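Biologist: Please take a close look at a single helix in this model. Then set that helix in the context of the rest of the chain.

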Amino acid sequence: MPWHLSLTVDRNAQLPLGAQVQGSLRRLIEDGTLSSGSRLPSSRQLAADLEISRSVVVEAYEQLSAEGYLVARRGSGTVVAENVRDHPGAGSVLTSPQPEPTDATWDLRTGSSDVSTFPRQEWIRSVAAALTDAGRTELGYGPPSGVLLTRHVLVGYLGRVRGVRTQPQNLMITAGFAQGLALLCKVLRDRGHDALGVEDPGHPGEREFITSAGLRPVGIPVDADGLRVDRLEESGVRAVLTTPANQFPTGVPLSQERRERLISWARAVDGYVVEDDFDSAYLNRSERIPALQSLAPDRVVYAGSASKVLAPALRLGWMAAPSELMASVESARVGWDIGCSGIEQLAFARFITEGAHDRHQRKLRVEFRKRRELVRELLPHHLPGARVLGGDSGLQAYVELPPGVDETALVQSARARSVLVRGGTFYTLDDRTRPPALVVSYATVGCPGLKASTAALGAAYREVTGRTPD
């Protein structure tokens, strides 16, 4: 197979052709454009593409191989060496820290979805049906806000299962929750906002995302009744991002009194509440009160996605906003991209209307109820003195530890036992008054794995605290 490589040389430059080829390849490797294992064209092919002597390319390949950038493999040609970005001179002192290890037996960190449950056959049928029915219009460019049919279906679905009150023209299909948040941040910034309230503890990735979007995240403490609206009122911000149905990561729902007070605050400051309904599919029926948006469609932006229920790779999200705000979001979207995959949107609409989405969620709720009940039973036994917060919903357990427990030491001891877990401080922005804690996710670990991993956590707990199981 003739492999291609985007590379050019300047015959009028003073730098020799061989040095140009070496330098260009070295930069492509160092900046990550060519990753480890990437296959390069043969020396003969690259020489022909660049219209230079083959000996020039051979010399460049040999020099970069000597420097550790390339590896010549018999029968496989020349490839970029493994771990090449660790090479002296590669990378930058500003490079982000390496990600946490993933070679442990049990990963109890939040942020993942159980993609093993993805209903492949039903999704394939939905895609096939969408393609079969698609005409010239459906295969062309769609509206930036999303395929109208899918928006109609989503409006009906969200109204049915979450009480969301909106219209297709006020709902946008996004590439996951992240894109919706990015668009909102831009609109808020254009309207004079310089800060966005966030729950504390909350999602650290979202805080970083908000900062990169040009807004300052302001931590608002959370207690047993959810977001502290009194502290929000004192903060000076005019917009807040919250998870009222099942606060992340503590799992506590926003009380009815605070729901009403939060809406009153938004009206008083002429501001907005951004409702991240990220795991509503996992709420028990008894805890599934209507979305906050149902109380004030003119002040609440409702956002969700298919990532936690189906798969993040689909990049399917949605956002329902007040009409006057949506107009600005649409304008920002036009300058951003020209919408998400219309075929995926049509397939998702079919997936919903055929009942596959409801069936899949029911299966998930049954499975995750088993996991949740098991975790709530095992953790107090293996971690005596600890307390599991929140209700009987969600994808993780917030485990409040006794005062004085060294949270960092416990996380490290668990890692030594092949368990990856995060402490409460990982999710904290400013509120340092909270007791030590662990956040234990059961999103990707089934019941047998939870039994083994919580036992390993118990061993780590005994090592750090000296406490024995009850």
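Modeller: In helix 9, the buried residues are Arg 258, Arg 259, Leu 262, Ile 263, Trp 265 and Ala 266. They share one side of helix 9, because they cover an arc of only 155° around the axis. The general rule behind such a pattern is simple: an α-helix has 3.6 residues a turn, so residues three or four places apart point the same way. The face turned away from the buried side of helix 9 carries the exposed residues Glu 257 and Ala 268. Keep in mind that this is a predicted model.

Now the length. Helix 9 runs over residues 256-268 and has 13 residues. From first C-alpha to last, helix 9 reaches 19 Å. That is close to the 18 Å expected at 1.5 Å a residue.

Next, the chain around helix 9. The protein chain has 14 helices and 16 strands. Its C-alpha trace spans about 75 × 65 × 45 Å along the principal axes. Of its 470 residues, 52% count as buried.

Then the open space. The largest pocket has a volume of about 960 Å³. Its lining counts 39 residues. Nearest the pocket centre lie Gly 111, His 203, Gly 205, Glu 206 and Lys 308. Five elements can be named here, as each gives two or more residues to the lining: helix 6 (176-190), strand 5 (195-200), helix 7 (204-212), strand 8 (239-242) and strand 10 (300-305). Helix 7 gives the most, with seven residues. By class, the pocket lining has 15 nonpolar, 15 polar and nine charged residues.

Two of those elements also frame a loop. His 193 sits in the loop between helix 6 and strand 5. With a relative accessible area of 8%, His 193 is buried, because the cut-off for buried is under 20%. His 193 also has a partner far along the sequence: Val 237 is 44 residues away in sequence, yet the two C-alpha atoms are 7.9 Å apart in space.

Enclosed space is a separate matter. A search of the whole structure finds one cavity of 30 Å³ or more. About 70 Å³ of space lies in the largest cavity. Its lining has 13 residues, and the closest to the cavity centre are Arg 376, Gly 391, Ser 393, Gln 396 and Ala 397. Helix 12 (356-382) and strand 13 (396-400) each supply at least two residues of this lining. Helix 12 gives the most, with three residues. By class, the cavity lining divides into five nonpolar, six polar and two charged residues.

Last, the cysteines. The structure holds zero disulfides. Cys 185 is in no disulfide, and the nearest cysteine sulfur, that of Cys 340, is 17 Å away. A disulfide needs the two sulfur atoms within 2.5 Å, so that separation does not qualify. Cys 185 counts as buried, at 1% relative accessibility. Cys 447, in contrast, counts as partly exposed, at 21%. The cut-off matters for Cys 447, because buried means under 20% relative accessible area.

Back to helix 9. Its buried side includes Trp 265 and Leu 262, and the face turned away from that side carries Glu 257 and Ala 268.

Conventions. Residues numbered from 1 in each chain as written. Predicted model: local features only at pLDDT ≥ 70, side-chain atom pairs only at ≥ 80, totals over all residues. Heavy atoms only, no water. Buried < 20%, exposed > 50% of the residue type's maximum accessible area, 1.4 Å probe, protein only. 1 Å grid on protein atoms, 1.4 Å probe; cavity = no way out; pocket = protein on both sides within 12 Å on 5 of 7 lines; lining within 4 Å. Points joined across faces, edges and corners; volume = space filled by probe spheres on them. Helix = DSSP H or I, 4+ residues; strand = E, 2+ residues; numbered from the N terminus. Nonpolar A, V, L, I, M, F, W, Y, C, P; charged D, E, K, R; others polar. Expected span 1.5 Å × (residues − 1). Arc of directions from axis to C-beta.
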